[in-house]
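User: I would like to learn how to read a protein model feature by feature. Could you take me through one, giving the general idea before the particular case?

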Amino acid sequence: QEVDLADWKSNSVSEVDPDTWALFWKVVGNFTPQQRKGLLEFTTGSPAPPVGGFAQLPGYGSIGTVSRFTVARNMNSALPVASTCFNTIYLPKYSGEDDMSQGLLEAIANRNAGGFFEGAVAH
């Protein structure tokens with residue numbers, strides 16, 4: 001099943017400038033269905049929206065908490081970073097469409113390569 005781009009966008013929050021917001025959706029609109037699912041999984045932890053669409057995207061907190069997909073600015077990294085508990089993708093400054101597309105595709109390709117390293121906090 002394909003991700004409904006109109007539902008995704010209309011139920012998302014922008015914490016970036018209007019140009020970045022427009023560029024993000026242009027890039028995502030050019031992605032294949034599989035790439036869109038990968039981006040959704042990178043940002044939310046799931047490759048598909050919940051039953052009821054993006055307006056029902058669950059977030060961190062009590063059962064029934066909704067947390068809208070959010071596009072925010074990342075000033076500290078050259079690649080996108082995600083906060084899956086809050087359905088937020090943090091984007092660095094991109095020079096244009098190709099640059100953003102490459103950065104997002106890199107994040108999608110490596111979404112399962114890392115993760116939480118318990119040794120970093122366990123003593």
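**Reading the model step by step**

Analyst: The structure holds two salt bridges, and since this is a predicted model, what follows describes computed coordinates. Before turning to those pairs, it helps to have the overall layout: the protein chain has four helices and four strands, which follow one another in the pattern α-β-α-α-β-β-β-α. Of the 123 residues in the protein chain, 36% are buried, and residues 24 or more positions apart supply 53% of the contacts with a separation of 6 or more.

User: Which side chains meet in the salt bridges, and which parts of the chain do the pairs link?

Analyst: The general idea is to look for a side-chain nitrogen of Lys or Arg within 4 Å of a carboxyl oxygen of Asp or Glu. One such pair is D17 and R73, whose side chains come to 3.0 Å, N to O. This pair links distant parts of the chain, with D17 in the loop between β1 (12-15) and α2 (18-30) and R73 in strand β2 (residues 69-73), 56 residues apart. The other pair is K26 and E97, where the closest N and O atoms are 3.2 Å apart. Here too distant parts of the chain are linked, K26 belonging to helix α2 and E97 to helix α4 (residues 97-109), 71 residues apart.

User: Are the residues of these salt bridges buried, partly exposed or exposed, and why?

Analyst: The classes rest on relative accessible area, with buried meaning under 20%, exposed over 50%, and partly exposed in between. D17 is partly exposed because its relative accessibility is 29%, and R73, at 24%, is likewise partly exposed. K26 has a relative accessible area of 46% and is therefore partly exposed, while E97 is partly exposed at 28%.

User: How should I read a helix such as α2, and which of its residues are buried?

Analyst: As a general idea, an α-helix has 3.6 residues a turn, so residues three or four places apart point the same way. In this model α2 has 13 residues and spans 19 Å from its first C-alpha to its last, close to the 18 Å expected at 1.5 Å a residue. Its buried residues are T20, W21, L23, F24, W25, V27 and V28, and what covers them includes α1 (5-10), β1, α3 (33-44), β2, β4 (88-91) and α4. At the start of α2, D17 appears again, with a side-chain oxygen that reaches to within 3.1 Å of the backbone nitrogen of D19.

User: In what order do the strands of the sheet lie, and where does α2 lie relative to them?

Analyst: A sheet is read by following which strand pairs with which, and here an open sheet of four strands has the order β1-β2-β4-β3, with mixed pairing. β1 and β3 stand at the edges, each with a single partner strand, so one side of each has no neighbour in the sheet. Neighbouring strands of this sheet are turned by 20° against each other on average, direction ignored. β1 and β2 pair in the parallel sense over four bridges, and S14 has V71 of β2 as its bridge partner. The helix α2 lies across β1, β2 and β4, and runs at about 125° to β2.

User: What is V81 in contact with, once its neighbours within four places in sequence are left aside?

Analyst: V81 sits in strand β3 (residues 81-83), and is in contact with F42, N74, T88, I89 and Y90 when those neighbours are set aside. A relative accessible area of 34% is why V81 counts as partly exposed.

User: And T88, is it buried or exposed?

Analyst: T88, a residue of strand β4, counts as buried because its relative accessibility is 6%. Its side chain reaches the backbone oxygen of F86 at 2.9 Å, and beyond its neighbours within four places in sequence T88 is in contact with T43, T70, A72, V81, A82 and S83.

User: Where does N87 lie, and what should I note about its phi?

Analyst: In general, most residues other than glycine have a negative phi. N87, which lies in the loop between β3 and β4, has a phi near 50°, a positive value in a residue other than glycine. At 1% relative accessibility, N87 is also buried.

Methods: Residues are numbered from 1 along each chain as its sequence is written. This is a predicted model: local features need pLDDT of at least 70, side-chain atom pairs count only at pLDDT 80 or more; totals for chains, interfaces and linings use all residues. Side-chain values use heavy atoms; hydrogens and water are left out. Helices (H or I, at least four residues) and strands (E, at least two) are DSSP runs, numbered from the N terminus. Buried means under 20% relative accessible area, exposed over 50%, partly exposed in between (1.4 Å probe, protein chains only). The expected span of a helix is 1.5 Å times one less than its number of residues. Contact means heavy atoms within 4.5 Å. A polar contact is a pair of N or O atoms within 3.5 Å; within protein, one must be able to donate a hydrogen and the other to accept it, and residues adjacent in sequence count only if both atoms are side-chain atoms. Two strands pair if DSSP finds at least two bridges between them. Axes are lines fitted to C-alpha atoms, for helices over the stretch in contact, and angles run from 0 to 180 degrees between N-to-C directions.
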